[in-house]
Amino acid sequence: MTYARRLTAGTLAAGALALSLTGCGNSVDPIERLGRKTTESQQSPTATPSQSAATAVPGDEAYKKWGLKSPLEFAPKPPQKPSLAPAAPGKAQVVDRIPVPPTDKVVFLTFDDGAEKDPEFLKMAADLKLPISMFLTDNIASSDYGYFEKLRDNGSGSTINNHTLTHPNLRTLPFAAQKKEICGQQERLEKRFGTKPVRFRPPYGNYNDDTLKAAAECGISQVVLWRVSMQINNFQYAEGSALKPGDIILAHFRGPSELKGSTEVQMTTRMLQRIQDQGYRIGRLEDYL
């Protein structure tokens with residue numbers, strides 16, 4: 001299909017359903033299930049967090065230190081943002097892949113929850129200048145929000161976004177309870193980090209019309225989903241068997257207890273190797289939204 005074409009809700013649901021049939025394998029589930037969308041209707045160390053990944057240049061030897069065979073390639077900030085399907089009135093916009101041209105081999109890194117706070121990962125992300133969009137859950141991440149502040153402020157242009165207060169399946173909750181989960185985390189993040197996020201990811205990728213309405217009322221502009229999930233060793237795809245231009249990649253802040261002995265650094269190294277093996281560059285998600 002062409003990436004300029006707007007994705008319909010039916011296409012998203014079909015792609016996610018195809019993935020759900022593949023099973024978890026070595027997945028980091030049950031905290032997240034890949035890409036499921038079910039609707040009821042439809043740089044330098046002094047760089048600021050808003051800088052694009054293109055301005056953050058890792059040290060020449062950083063890639064070797066972290067187990068990569070060659071330097072990472074970063075996509076520059078596009079001259080104009082891609083055209084996305086508009087949000088319905090009174091609801092947040094839904095994005096699960098960035099509609100870039102099929103020749104633009106760029107993907108985006110997102111990490112969820114905040115359970116693991118590995119100091120080595122902080123070093124890795126800073127050395128490689130990884131532009132990470134973080135989606136944090138309060139009752140998991142708040143034990144050390146300072147960790148994620150360091151990750152945000154390392155010069156890579158990483159950002160902090162909303163992933164609810166307690167990580168419930170929002171589709172099982174009434175509107176008021178959904179709004180409490182989303183707005184509550186907006187308030188916590190604003191109090192701790194100084195600003196309210198404008199992007200939100202529903203736990204498990206599950207949402208409905210109430211979610212989109214509640215998110216909008218909480219100040220959220222975009223609900224960010226995904227089409228590719230990093231498991232322990234390899235990617236799991238919602239469709240096909242390879243990355244596609246504009247893919248948003250889901251990973252998690254996870255440690256050895258949930259990664260079958262692997263560390264977050266080891267998992268991330270494998271993820272970056274898979275991206276390189278398929279000839280992709282890494283973009284900063286916020287430069288495209």
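The questions below concern a predicted model, with attention to helices α3 and α5.

Local features need pLDDT of at least 70 and side-chain atom pairs pLDDT 80 or more, while totals for chains, interfaces and linings use all residues. Residues are numbered from 1 along each chain as its sequence is written, and side-chain values use heavy atoms, leaving out hydrogens and water.

Trainee: What share of the residues in the protein is buried?
Mentor: Buried means under 20% relative accessible area, exposed over 50%, partly exposed in between (1.4 Å probe, protein chains only). The protein has 289 residues, and the buried share is 54%.

Trainee: How many helices and strands are there?
Mentor: Helices (H or I, at least four residues) and strands (E, at least two) are DSSP runs, numbered from the N terminus. The count is 9 helices and 10 strands.

Trainee: Which residue caps the N-terminal end of α3?
Mentor: Helix α3 spans residues 119–128. The cap places a side-chain oxygen 2.9 Å from the backbone nitrogen of E120. The residue supplying that oxygen is D118.

Trainee: Which residue follows α3?
Mentor: Within α3, the buried residues are F121, L122, M124, A125, A126 and L128. After the helix comes a residue with a positive phi, near 55°. That residue is K129.

Trainee: Why are the buried residues of α5 on the same side?
Mentor: An α-helix has 3.6 residues a turn, so residues three or four places apart point the same way. In α5 the buried residues are Y145, Y147, F148, L151 and R152. They lie on the same side because the arc they cover around the axis, taken from the directions from the helix axis to the C-beta atoms, is only 150°.

Conventions. Polar contact = N/O pair within 3.5 Å; in protein donor to acceptor, adjacent residues only side chain to side chain.
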